[in-house]
Amino acid sequence: MLKEAEFFERIEDKRVRCTLCQRECLISTGKRGFCGVRVNIDGVLKTLIYGEVAYIAVSPIEKKPFFHFYPGSTWLSLGTLGCNFKCPGCQNWDIAHKVPETMEESDIIPECNYFTPEDVINAAKKYNCLGISWTYNEPTIWFEFAYETSRRAKKEGLLSNYVSNGFISPLALDTIAPYLDAIRIDVKGFSKSTYKKIAHIDDFKGILSIAERVKRKHGMHLEIITNLIPQINDNENELKGIAKWIKQKLGSETPWHITRFYPACKLSHIPPTPISLLERTRELAIKTGLEYVYLGNVPRHPFENTYCPHCGKILIERHSISILKNYLKRKICPFCGGKIEIIL
Ligand code: SF4
């Protein structure tokens, strides 16, 4: 559904600047921004995808992945069309790289089903979800719908989380933050050249600032993820840089998920990440001082589990996105009494 955008500035000649994400697209009338879902109609920026759901599922929080936020809980997960990144190895390229053809209020987007915020909230309640997860593609691009739904959901006792690339503008983050409970941010590399290669952006520092703002200004639960792609973002110095930054700026208790890449989209020629590379990266992160470093997309690997950083005993045993055993009843290790930073 077509709706006026929340964040934009009018400039001369009916052009607008979108200020929703850090790309800050300058858009002439009749044109769209980089994400393909925001259009300038006669000097007014509009979103094409308010309420337009391209994918919906009930899934465990571990699928996002969040491992330290209500482990084992169930979430109504939603995605739309488009993205403000066009990553060549995107696992959800079938929706994230697609944009609606519509430009009129009356047009139907064939790939989507229209939901109101109430429809989403009712569905979350019907399926006994703890809340709503804005995921699959970058949730920032349908800000107006995520904001309105999360705001109303909070009143109904439901939580909300964002699975994000962190490229949201600080103002948009500050606006939605009171209605979000957790964010998982993707840190794809630690250099301009890696981010240029993957996300076609000139500077990645704004993404790091958003993660720091989530944690320090908003006190929100935060987890970091890096999908490790051979030849693309496997530089050891950059990976060390991510680990050091997490420790210094976010805290050693912040979970870091290092996930295995599988060939997809324009990177179909690149083989899956060697497990030895994932293990080496985890080792360097632990040596840097991070307490919770997980390997993802490697079912049955021991580093899917949560270990007590004090005594080393298993606290939560996992198989992929399923929890096999959870020994935690409180935020305290039942074996040594050490403090554990997991929201239960
Ligand atoms: S949300 Fe879309 S239109 Fe707005 S700045 Fe980002 S990419 Fe550009």
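Two salt bridges are counted between domain 1 and domain 2. The model is a predicted one. In one salt bridge, the side chains of D174 and K217 meet, with 4.0 Å from N to O. Polar contacts were counted as well. Between domain 1 and domain 2, 9 residue pairs are in polar contact, both residues at pLDDT 80 or more. On the side of domain 1 that touches domain 2, helix α4 gives the most, with 3 residues. This helix covers residues 170-176. By class, that side of domain 1 holds 15 nonpolar residues. A further 7 are polar, and 3 are charged.

The two domains come from the domain assignment of the protein chain. Domain 1 spans 50-181. Domain 2 spans 187-304. Their C-alpha centres lie 22 Å apart. Domain 1 brings 25 residues to the contact, and domain 2 brings 30.

The buried area was computed next. The size of an interface is often given as the accessible area lost when the parts come together. Here, domain 1 and domain 2 bury about 2200 Å² between them. Carbon and sulfur atoms carry 70% of this area. On the domain 1 side, three residues lead: F67, H68 and P88. Together they supply 27% of the area that domain 1 buries against domain 2. No other three residues supply more.

In short, the contact between the domains joins 25 residues of domain 1 to 30 residues of domain 2. The area buried there is about 2200 Å², and the count of salt bridges is 2.

Definitions and conventions
Residues are numbered from 1 along each chain as its sequence is written. Side-chain values use heavy atoms; hydrogens and water are left out. Domain bounds come from an automatic or database domain assignment. Contact means heavy atoms within 4.5 Å. Buried area is the accessible area (1.4 Å probe) that two parts lose on being put together, summed over both. A polar contact is a pair of N or O atoms within 3.5 Å; within protein, one must be able to donate a hydrogen and the other to accept it, and residues adjacent in sequence count only if both atoms are side-chain atoms. Helices (H or I, at least four residues) and strands (E, at least two) are DSSP runs, numbered from the N terminus. Ala, Val, Leu, Ile, Met, Phe, Trp, Tyr, Cys and Pro count as nonpolar, Asp, Glu, Lys and Arg as charged, and the others, Gly among them, as polar.
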